[in-house]
Amino acid sequence: MEPIISVSGLRGVIGESLDPLVAMRYACAFAAELPAGPVLISRDGRATGAMLADALRSALAVTGRDVIDAGVAATPTTGVLVKQLKTAGGIQISASHNPPQYNGLKLFSAEGRVIPAVAGERVIERYRQGEFAWVAHDQVGKVKVLDDTTSEHCRLVLATVDVPRIRARKFRVLLDANHGSGSVLGGRL
């Protein structure tokens, strides 16, 4: 069974249409379409996200890409981080609103937005062809874990609102992010 593939990424049921090999092949196809530079990886809080992140880190490193691992982050935060860190692109591991057995990969351009349709079509073609270039042992990319994933996104959000006015109102706020990735930034805000 093949995953559901679009120009902006893929999603599928873990163990059926999406497994580490599918994720690795898709990440390698994406890396081949990117300009030089590191690739950012982030994920939502799904139980299978860490496993897919492991696969993506390995796949990207063996193509010679350095990887910046942002851990659990909301999809909009991924775009902010890609732009802030000036990476070649990013991959958000998430199946959004789909049931827990699903997961997926969303592809980001260096501009911090979902990749354009033309680039997405090239990724799909490379993925389906299955021809990937591996590097020699001394050219394997390195992985760096990003410690601060929310400061820039928080700054951007707070720049759009009147913080003193909101504080003066002394609102009582309940944040129920259901342990989702939005809680990482949401708690700070």
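Visitor: Which residue in E5 does Ser-42 stand opposite?
Guide: This is a predicted model, so read the pairing as part of that prediction. Strand E3 covers residues 39–43 and strand E5 covers residues 89–93, and the two run parallel, joined by 5 bridges. In E5, the residue opposite Ser-42 is Gln-92.

Visitor: What is the strand order of the open sheet?
Guide: Strands in a sheet pair through backbone hydrogen bonds, parallel or antiparallel. Here the pairing is mixed, and the open sheet has 7 strands. Reading across, the order is E1-E2-E6-E5-E3-E4-E7.

Visitor: Why do E1 and E7 each have one side without a neighbour in the sheet?
Guide: Look at the ends of the order, E1-E2-E6-E5-E3-E4-E7. E1 and E7 (143–145) each have a single partner strand, so one side of each is left without a neighbour, and the reason is their place at the edges.

Visitor: And how big is the average twist from one strand to the next?
Guide: The sheet in question is the open one with 7 strands. Going from one strand to the next, the twist averages 15°.

Visitor: What angle does the direction of H2 make with that of E3?
Guide: Helix H2, residues 49–62, packs on the sheet. The strands touched by H2 are E3, E4 (67–72), E5, E6 and E7. Between the directions of H2 and E3, the angle is about 170°.

Visitor: Which residues does Ile-5 contact, leaving aside neighbours within four places in sequence?
Guide: Ile-5 sits in strand E1. For a sense of distance, its C-alpha atom is 20 Å from that of Thr-78, 73 residues apart along the chain. With the sequence neighbours set aside, the contacts of Ile-5 are Leu-10, Tyr-26, Ile-124, Tyr-127 and Arg-128.

Visitor: Are H3 and H5 roughly parallel or roughly perpendicular to each other?
Guide: The axes of H3 (residues 75–85) and H5 come within 9 Å and cross at roughly 105°. Angles from 65 to 115 degrees count as roughly perpendicular. So the pair H3 and H5 is roughly perpendicular.

Visitor: How many nonpolar, polar and charged residues does the contact of H3 with H5 have?
Guide: From H3 come Pro-76, Thr-77, Val-80 and Gln-84, meeting Glu-152, His-153 and Leu-156 in H5. Sorted by class, that gives 3 nonpolar, 3 polar and 1 charged.

Visitor: Which element gives the largest share of the lining of the largest pocket?
Guide: The largest pocket has a volume of about 290 Å³, and its lining includes Val-157, Ile-166, Phe-171 and Arg-188. Helices H5 (151–158) and H6 (163–169) each supply at least two lining residues. By class the lining holds 8 nonpolar, no polar and 3 charged residues. The largest share, 3 residues, belongs to H6.

Visitor: How do the lining residues of the second largest pocket divide by class?
Guide: That pocket holds about 160 Å³ of space. Of its 15 lining residues, Leu-10, Arg-11, Ser-94, Leu-105 and Lys-106 lie nearest the centre. Strands E1 (4–6), E2 (9–13) and E6 (102–109) each give two or more residues to this lining. The split is 5 nonpolar, 8 polar and 2 charged.

How values were computed
Residues are numbered from 1 along each chain as its sequence is written. This is a predicted model: local features need pLDDT of at least 70, side-chain atom pairs count only at pLDDT 80 or more; totals for chains, interfaces and linings use all residues. Side-chain values use heavy atoms; hydrogens and water are left out. On a 1 Å grid over the protein atoms alone, a cavity is a set of points where a 1.4 Å probe fits but cannot get out, and a pocket is an open set with protein on both sides within 12 Å along at least five of seven lines; lining residues have an atom within 4 Å of a point. Grid points are joined across faces, edges and corners, and a volume is the space filled by probe spheres set on the points. Helices (H or I, at least four residues) and strands (E, at least two) are DSSP runs, numbered from the N terminus. Ala, Val, Leu, Ile, Met, Phe, Trp, Tyr, Cys and Pro count as nonpolar, Asp, Glu, Lys and Arg as charged, and the others, Gly among them, as polar. Axes are lines fitted to C-alpha atoms, for helices over the stretch in contact, and angles run from 0 to 180 degrees between N-to-C directions. Angles under 35 degrees count as roughly parallel, over 145 as roughly antiparallel, 65 to 115 as roughly perpendicular and the rest as oblique. Contact means heavy atoms within 4.5 Å. Two strands pair if DSSP finds at least two bridges between them.
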